[in-house]
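Student: I've got a model open and I'd like to learn how to read it. Could we go through some features one by one?

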Amino acid sequence: MRQTIVAGNWKMNASKESVNTLVLGILSGMADVESKVIVCAPFPYLSQAEALVTHSQLHVGAQNLNISASGAFTGEVSAGMIKDFGVGYVIVGHSERRSLYGETDAIVAEKVQIALDNGLTPLFCIGELLEERESGNTEIVVSRQINAVIDLVGIEAFKNIIVAYEPVWAIGTGVTATPQQAQDTHAFIRSLLAVHDSDIAQSTPILYGGSMNPENAEELIGCEDIDGGLIGGASLKADDFLRICKAG
Ligand code: PGA
């Protein structure tokens, strides 16, 4: 049995006050949550979030990392720095990083490797564009994205990787993939892992992301191969986020 995982991706939305309110709000409703819950904060708030979750079952993640350990990379943050704050998770290869900051499959694969090398669990994101789905190329795209990582880090590394399938056309749009569309793609992703190792394919968590909300979470997470969610907009309100956490 795979444990349900619900991760909040706050993106570039936070203030000292909102982080306090949001984290304390989530903590106050965690008693009957069985899912593993992670909140991914912007870099300046990692330390604040980490301090707030001490001794709780809430985990903190970052949203990106640089592949270098240190040096002349103005404005960048390394995996070692993230780890230094006691943070255990990092989103890698989010579609916004791929489309706005030019992250290729090769760069994303390298980031997954650097995260793993530093003891961070990557939330490794994949997903097709609208035109790729409409032209029937979803499977080709997710295969390319997954295989770039398998080729670099090997299938064994998936024991420490969380995959997030996020169809780009569903992110922030209010248009969610139907449970059937999501389930079909999740099953396909699992089959790609099974080519290399069927046990690892069965144990790897594959989260769905893209306009998941309290109304649709239960049906999506109820699908056989959907092991939780990566939540953007609905992770910014404690009540909505908790309802999704309880859907698992
Ligand atoms: P959304 O974002 O839930 O706002 O669609 C999901 C994500 O980008 O991870």
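Tutor: Sure, let's start with a single residue. At 15% relative accessibility, D105 falls under the 20% limit, so D105 counts as buried. Keep in mind that this is a predicted model.

Student: Which residue does D105 pair with in a salt bridge?

Tutor: The general idea comes first: side chains of opposite charge can pair when their charged atoms come close. Here D105 meets the side chain of R144, at 2.6 Å from N to O. The two sit in distant parts of the chain, with R144 in helix α7 (residues 138-153) and D105 in helix α5 (residues 105-117), 39 residues apart. R144 has 45% relative accessibility, so R144 counts as partly exposed.

Student: How many salt bridges does the structure hold?

Tutor: There are 12. Another one joins K246 and D32, whose closest N and O atoms are 3.5 Å apart. This pair also links distant parts of the chain: K246 belongs to helix α11 (residues 238-247), D32 to the loop between α1 (16-28) and β2 (36-40), and 214 residues separate them.

Student: Are K246 and D32 buried or exposed?

Tutor: K246 comes out at 42% relative accessibility, so K246 is partly exposed. D32, at 54%, counts as exposed.

Student: What does R190 form a salt bridge with?

Tutor: With D225, and the closest N and O atoms are 2.6 Å apart. R190 lies in helix α8 (residues 179-194), while D225 is in the loop between α10 (217-221) and β8 (228-231), so the pair ties together parts that are 35 residues apart in sequence. Both R190 and D225 are buried. Shared partners also join R2, R190, D225 and D227 into one network of salt bridges.

Student: Okay, helices next. At what angle do α7 and α8 pack?

Tutor: Two packed helices are described by the angle between their axes and the distance between the axes. For α7 and α8 the angle is about 40°, and the axes are 10 Å apart. The crossing of α7 past α8 is right-handed.

Student: Which residues make the contact between α7 and α8?

Tutor: From α7 you can pick out T138, E139, V142, S143, I146 and I150, and from α8 T185, F188, I189, L192 and L193. Sorted by kind, the residues of this contact are 7 nonpolar, 3 polar and 1 charged.

Student: Let me zoom in on I146. What is I146 in contact with?

Tutor: Leaving aside neighbours within four places in sequence, I146 is in contact with F124, I126, V163, I189, L192 and L193. I146 is found in helix α7. With 0% relative accessibility, I146 counts as buried. You can also compare sequence and space: I146 and G127 are 19 residues apart in sequence, and 9.8 Å apart from C-alpha to C-alpha.

Student: How do α1 and α11 pack?

Tutor: Their angle is about 40°, and their axes are 9 Å apart. The crossing of α1 and α11 is right-handed. In the contact, L22, G25 and I26 of α1 meet A238, F241 and L242 of α11. These residues divide into 5 nonpolar, 1 polar and no charged.

Student: What about cysteines? How many disulfides does the count come to?

Tutor: A disulfide is a covalent bond between the sulfur atoms of two cysteines. The count here comes to 0.

Student: Why does C40 have no such bond?

Tutor: Because the closest cysteine sulfur, in C125, is 8.9 Å from the sulfur of C40, which is too far for a bond. C40 is buried, at 0% relative accessibility. C245 is in no disulfide either, as the nearest cysteine sulfur, that of C40, is 12 Å away. C245 is buried too, with a relative accessible area of 1%.

Student: One last feature, the backbone. What is phi of K11 near?

Tutor: Near 55°, which is a positive value in a residue other than glycine. Look for K11 in the loop between β1 (5-9) and α1. S211 also has phi near 55°, again positive and again in a residue other than glycine. You'll find S211 in the loop between β7 (206-209) and α10. S211 counts as buried, at 17% relative accessibility.

Definitions and conventions. Residues are numbered from 1 along each chain as its sequence is written. This is a predicted model: local features need pLDDT of at least 70, side-chain atom pairs count only at pLDDT 80 or more; totals for chains, interfaces and linings use all residues. Side-chain values use heavy atoms; hydrogens and water are left out. A salt bridge is a side-chain nitrogen of Lys or Arg within 4 Å of a carboxyl oxygen of Asp or Glu. Helices (H or I, at least four residues) and strands (E, at least two) are DSSP runs, numbered from the N terminus. Buried means under 20% relative accessible area, exposed over 50%, partly exposed in between (1.4 Å probe, protein chains only). Axes are lines fitted to C-alpha atoms, for helices over the stretch in contact, and angles run from 0 to 180 degrees between N-to-C directions. A crossing is left-handed if the near helix is turned anticlockwise from the far one by less than a right angle, and right-handed if clockwise. Contact means heavy atoms within 4.5 Å. Ala, Val, Leu, Ile, Met, Phe, Trp, Tyr, Cys and Pro count as nonpolar, Asp, Glu, Lys and Arg as charged, and the others, Gly among them, as polar. A disulfide is a pair of cysteine sulfur atoms within 2.5 Å.
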